[in-house]
Amino acid sequence: MKNKSIKTLKFIGLGFLEPLIHIIDGEERRKNATRFIKGALLPLVSIFLFIFLWHQGAMALYNSEANDRIEKARTEQGEQAALDMKACIASGEVSCQPNTLPSPAKVYQAYIALWQDHLNISEKKSEFKDKVAATNAQREAQGLDPITYTGRPSFLDQIGTSLKTVAAGFLLAMLIAVPIGIVIGLSDSLRTAFNWLIQIFKPVSPVVWLLLVFMVVKTVITDPSIDKSFIISSISVGLCAMWATLVNTSMGVSSVDKDYLNVAKVLKLNIGQNIFKIVLPASLPLIFTGLRITVSVAWMVLIAIELLAQSPGLGSFVWEEFQNGANDSNAKIIVAMFVIGIIGFILDRIMLSVQNLMTFNKGIA
Amino acid sequence: MGLLELKNVSKTFGQGINKNEVLSDINLSVEDGEFVAIVGFSGSGKTTLINLINGLLFPDNGEVLLNGAPITGPGPDRGMIFQNYSLLPWLSVYSNVKLAVDEVFRKLSKKEKDAHIRKYIDMVNLTPAVDKKPSELSGGMRQRVSVARTLAINPSILLMDEPLSALDALTRGTLQQEILKIWNHEKKTVILITNDVDEGILMADRIIPLTPGPKATLGPEFKVTIERPRDVTQLNQNPEYKRLRNDILEYLIDVGATRKQVSDQKYILPELKPVMPGRVVFGSRRKKEAVKYF
């Protein structure tokens with residue numbers, strides 16, 4: 001039981017909790033307590049330190065901008081206006097708040113507000129669903145499309161869309177890069193032939209990929225009922241992110257241990273069996289390393305691409321909030337930043353677990 | 001005519017200045033059911049020789065004949081036991097053997113294959129470890145898997161490339177006995193490459209030394225007439241064993257010594273004069289200048 005839970009924890013990347021299990025079990029309490037403090041408490045301390053510094057910085061910026069505003073009112077409108085402005089800022093009135101880096105507390109408030117907003121919207125959605133249920137049944141009977149909710153998406157919906165875009169992009173990247181990588185890896189001449197192209201396309205910026213995809217998709221898909229922005233952004237994400245997998249796959253396939261290939265030769269495996277029974281299993285660890293990099297790159301470029309492609313998602317959320325310029329917009333942007341970071345971290349952990357699952361102990365084969 | 005014949009075989013690697021004539025003028029004939037050991041120094045081209053026989057390499061000159069026909073490539077008729085086991089680390093013991101059996105006995109039913117695989121795993125005493133991965137096994141156990149995999153495809157010739165050289169002395173002894181037992185039982189033709197003369201005498205019918213490379217060739221053969229089964233402890237008292245061991249070692253040391261003489265080139269070193277700090281002589285003007293270092 002104990003060993004099993006330790007194994008699971010390590011597998012999902014929560015290995016720092018291991019000493020806690022030993023402590024509960026009553027094993028070498030002192031030693032494990034030190035280990036736990038090192039593994040789990042030190043990161044927490046650093047997070048608190050970060051929040052403290054952030055808070056101090058935000059306060060300094062806030063005061064600096066408040067002073068500027070008061071000073072401006074004084075030089076432009078006189079002493080009375082300056083006093084009014086000071087009172088206004090102190091009262092917390094929305095119209096005269098300094099617009100700067102929000103403090104951690106404000107970000108937390110924005111987070112609560114976003115959550116509340118999500119609850120409101122989902123309530124509205126379900127109300128709408130109930131309202132149109134009868135009509136939709138009728139429409140379906142007549143062979144018409146049902147009426148769908150077209151209101152503003154909530155923050156959580158945006159996250160969902162972003163995840164969908166990344167998933168689509170990742171699948172596309174995998175479907176393109178792994179087979180091509182295998183083919184290129186198997187043949188020296190193909191590898192030489194494609195090497196330059198790969199090296200040239202690899203560093204191209206996500207923005208350029210987006211424009212390129214836009215040019216093509218705009219021409220290919222003329223039907224206005226199809227959601228082009230989703231297609232464009234997912235394809236761009238896929239194209240940006242696939243290079244790591246492509247390079248890793250071809251490297252993995254081309255560097256399969258010669259001993260394994262000799263076994264295949266002696267057994268006279270045909271080419272299909274050689275690929276599926278020897279080459280692919282031997283290069284799986286490297287392929288999955290590539291896929292893991294692909295996921296993190298995909299998530300990173302997604303925000304920029306969504307921002308430009310006007311496709312719904314976290315990227316456009318950030319952009320809209322920035323354009324919006326409301327009192328809590330800055331705080332919402334920072335909430336989005338943390339959400340993006342945390343989701344990226346979780347995705348990476350998931351891929352790491354999959355990678356560990358696929359890796360065999362090569363060193364002592 | 002033997003089952004396997006090598007006629008005037010030579011093999012060269014590289015070209016130009018990197019040219020390395022590894023083997024030259026190799027002649028060998030192996031009879032059906034014979035156990036031949038090829039003994040040589042490390043780096044003399046033993047692995048190259050066995051790769052010529054298993055078909056992973058082709059000779060530059062001469063020919064390698066199996067049943068009178070030249071070898072066109074590797075094949076399961078020549079079972080190969082590699083020095084570094086060459087097990088697939090992502091497959092279990094069972095699956096490693098199964099990979100070979102699936103390939104060679106395609107017509108067998110699933111049940112027959114299973115029985116076949118288990119029989120050979122049992123033969124090398126690995127039944128308790130049948131579902132383990134190679135990384136969970138010791139070196140000796142891994143080599144046993146390799147032996148089972150090779151025997152399971154029922155080759156007509158068994159090629160062993162220093163199969164036991166990476167193992168400790170105890171495991172080595174047990175595996176030697178096991179291989180001999182299996183050989184006695186299956187009566188296959190075996191070519192064993194080794195750097196251990198004692199191993200050769202213990203196991204083989206004939207011992208052929210390979211002279212040190214480059215241009216390695218086979219030396220005179222030594223027939224081992226000691227009666228089987230040979231026991232290691234009794235072997236040490238056997239006068240025939242002592243004589244044979246001395247002869248072979250003497251021969252190997254002799255050829256080793258001649259190799260040394262051959263490669264005893266004179267190296268002409270460039271004449272160097274030390275540069276004294278503080279006295280640097282400049283080109284044509286030959287003006288002495290003091291250089292301050294500190």
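**Chain B: strands, a sheet and an interface**

Start at a turn in chain B. Strand 4 and strand 5 of chain B form a hairpin with two residues between the strands, and there Asn67(B) takes a positive phi near 55 degrees. Keep in mind that this is a predicted model.

Now look at the two arms of that hairpin. Strand 4 of chain B pairs with strand 5 (residues 69-70) of chain B in the antiparallel sense. Two bridges hold the pairing. In one of the matched positions, Leu65(B) has Pro70(B) of strand 5 as its bridge partner.

Strand 4 of chain B has another partner as well. Strand 1 (residues 4-13) of chain B runs antiparallel to strand 4 (residues 61-66) of chain B, and five bridges join them. Find Leu65(B) again: Glu5(B) stands opposite this residue of strand 4. So Leu65(B) has been met twice, once with Pro70(B) and once with Glu5(B).

Next comes an open sheet. Six strands of chain B make up this sheet, in the order 6-7-8-3-9-10. The pairing is mixed. Which strands lie at the edges? They are strand 6 and strand 10 (222-223) of chain B, and each pairs on one side only.

Follow the edge at strand 6 of chain B. Its pairing with strand 7 (residues 157-161) of chain B is parallel and spans four bridges. Here Gly79(B) has Leu158(B) of strand 7 as its bridge partner.

Now turn to the place where the chains meet. How many residues of chain B are in contact with chain A? The count is 24, and they touch 18 residues of chain A. The area buried between the two chains is about 2000 Å². Carbon and sulfur atoms give 69% of that area. On the chain B side, Trp90(B), Leu99(B) and Glu103(B) lose the most area to chain A. Together they make up 29% of what that side buries.

What kinds of links cross this interface? The rule finds zero salt bridges between chain B and chain A. Two residue pairs are in polar contact, both at pLDDT 80 or more.

Which elements of chain B give two or more residues to the side that touches chain A? They are strand 6 (78-81), helix 2 (93-104) and helix 4 (139-152) of chain B. Helix 2 of chain B gives the most, with four residues. By type, this side of chain B divides into 14 nonpolar, four polar and six charged residues. Strand 6 of chain B thus appears in both parts of the tour: as an edge strand of the sheet and among the elements that touch chain A.

Technical notes: Residues are numbered from 1 along each chain as its sequence is written. Chains are lettered from A and ligands numbered from 1 in the order in which they are written. This is a predicted model: local features need pLDDT of at least 70, side-chain atom pairs count only at pLDDT 80 or more; totals for chains, interfaces and linings use all residues. Side-chain values use heavy atoms; hydrogens and water are left out. Contact means heavy atoms within 4.5 Å. Buried area is the accessible area (1.4 Å probe) that two parts lose on being put together, summed over both. A salt bridge is a side-chain nitrogen of Lys or Arg within 4 Å of a carboxyl oxygen of Asp or Glu. A polar contact is a pair of N or O atoms within 3.5 Å; within protein, one must be able to donate a hydrogen and the other to accept it, and residues adjacent in sequence count only if both atoms are side-chain atoms. Ala, Val, Leu, Ile, Met, Phe, Trp, Tyr, Cys and Pro count as nonpolar, Asp, Glu, Lys and Arg as charged, and the others, Gly among them, as polar. Two strands pair if DSSP finds at least two bridges between them.
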